[in-house]
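Biologist: I'd like to go through this one label by label. Can you show me the model and then defend the words you use for it?

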Amino acid sequence: GSADADYLVQLNYPGGHKMNPYKLEQGSVTTYSAAGNNQGIYYTFAAPNNGVLSVTLDHVSGGAQGNICITSEQVSGGTVAVDLRDNANGDENTVSYTMKAGEKVEVQICVLPDDGFNYPEATINCTVSFR
């Protein structure tokens, strides 16, 4: 028989991956999540001073129908993540974190599966504020 072929395995981390998160800044943020993307898009926010970071879910278009999860973890303290589910049209559409100057927060915006395993395509609009 022929010798086994040698395969080069490469790990590709796209923009917004947990290994290479986008920088989160104040203002409007638009996140596009392709169908089947169950990893979400990651952002990192570094507090310039003491304050409160708020991420508000404004609008969702596509197949997700508001089935969005925004989780965040304070890098320095390992704070448990907070989920925001099915609240695009409800009252609980903002996640806030009290931060100290220089502290970092990792925010993940992802689409939840619509029937347990299918992740629909969606465009997610959020507003980010730090006061």
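**Labels and their reasons**

Modeller: Let's start with one residue: Thr 56 is buried, at a relative accessible area of 18%. Keep in mind that this is a predicted model.

Biologist: What makes Thr 56 count as buried?

Modeller: The cut-off for buried is under 20% relative accessible area. Thr 56 comes in at 18%, so the residue is called buried. Thr 56 is found in strand β4, and beyond its neighbours within four places in sequence it is in contact with Asn 93, Thr 94, Asn 125, Cys 126 and Thr 127.

Biologist: Which side chain makes a polar contact with the side chain of Thr 56, and why does that pair qualify?

Modeller: The side chain of Thr 94 does, at 2.9 Å. A polar contact needs N or O atoms within 3.5 Å, and 2.9 Å meets that, so the label holds.

Biologist: Now Thr 98: buried or exposed?

Modeller: Exposed, with a relative accessible area of 61%. The label starts over 50%, so 61% earns it. Thr 98 sits in strand β6, and its C-alpha atom is 9.7 Å from that of Arg 131, 33 residues apart along the chain.

Biologist: What are the two faces of β6 like?

Modeller: Val 95, Tyr 97 and Met 99 make up the covered face of β6 (residues 94-99), while Thr 94, Ser 96 and Thr 98 make up the uncovered one. The general background is that side chains in a regular strand alternate between the two faces of the sheet.

Biologist: How do you know that β4 and β6 pair?

Modeller: Pairing takes at least two bridges. β4 (residues 51-62) and β6 have six, in the antiparallel sense, so they count as paired. One of the matches is Gly 51 with Met 99 of β6 as its bridge partner.

Biologist: And which strands make up the open sheet?

Modeller: Four strands in the order β2-β8-β4-β6, with antiparallel pairing. β2 (27-33) and β6 stand at the edges with a single partner strand each, so one side of each has no neighbour in the sheet. From one strand to the next the twist averages 25°. Inside that order, β4 and β8 pair antiparallel over nine bridges, and His 59 stands opposite Asn 125 in β8.

Biologist: Which pairing runs in the parallel sense over two bridges?

Modeller: That's β1 with β3. The requirement is at least two bridges, so two is enough for the label. Tyr 22 has Tyr 43 in β3 as its bridge partner. β3 also pairs with strand β7 (residues 104-111), antiparallel over six bridges, with Tyr 42 opposite Gln 108 in β7.

Biologist: How many aromatic pairs does the structure hold?

Modeller: Two. In one of them, Tyr 22 and Tyr 43 lie 5.8 Å centre to centre with 40° between the planes.

Biologist: Why is the Tyr 22 and Tyr 43 pair called tilted?

Modeller: Ring centres must lie within 6.5 Å, and 5.8 Å passes. Stacked means under 30 degrees and edge-to-face over 60, so 40° ends up as tilted. Tyr 22 lies in strand β1 (residues 22-23) and Tyr 43 in strand β3 (residues 41-46), so the pair ties together parts 21 residues apart in sequence. Tyr 22 is partly exposed at 41%, whereas Tyr 43 is buried at 6%.

Biologist: And what makes Phe 45 and Phe 130 an aromatic pair that is tilted?

Modeller: Their values are 5.1 Å centre to centre and 45° between the planes. The distance is within 6.5 Å and the angle is neither under 30 degrees nor over 60, so this pair is tilted too. Phe 45 lies in β3 and Phe 130 in strand β8 (residues 122-130), so parts 85 residues apart in sequence are tied together. Both Phe 45 and Phe 130 are buried.

Biologist: Last label: how do you know that Glu 25 forms a salt bridge with Lys 23?

Modeller: Their closest N and O atoms are 3.7 Å apart. The limit is within 4 Å, so the pair qualifies. By this rule the count comes to one salt bridge. Glu 25 is partly exposed at 46%, and Lys 23 is exposed at 69%.

Definitions and conventions: Residues are numbered from 1 along each chain as its sequence is written. This is a predicted model: local features need pLDDT of at least 70, side-chain atom pairs count only at pLDDT 80 or more; totals for chains, interfaces and linings use all residues. Side-chain values use heavy atoms; hydrogens and water are left out. A salt bridge is a side-chain nitrogen of Lys or Arg within 4 Å of a carboxyl oxygen of Asp or Glu. Buried means under 20% relative accessible area, exposed over 50%, partly exposed in between (1.4 Å probe, protein chains only). A polar contact is a pair of N or O atoms within 3.5 Å; within protein, one must be able to donate a hydrogen and the other to accept it, and residues adjacent in sequence count only if both atoms are side-chain atoms. Contact means heavy atoms within 4.5 Å. Rings of Phe, Tyr and Trp (its six-membered ring) pair if their centres lie within 6.5 Å; planes under 30 degrees apart count as stacked, over 60 as edge-to-face and the rest as tilted. Axes are lines fitted to C-alpha atoms, for helices over the stretch in contact, and angles run from 0 to 180 degrees between N-to-C directions.
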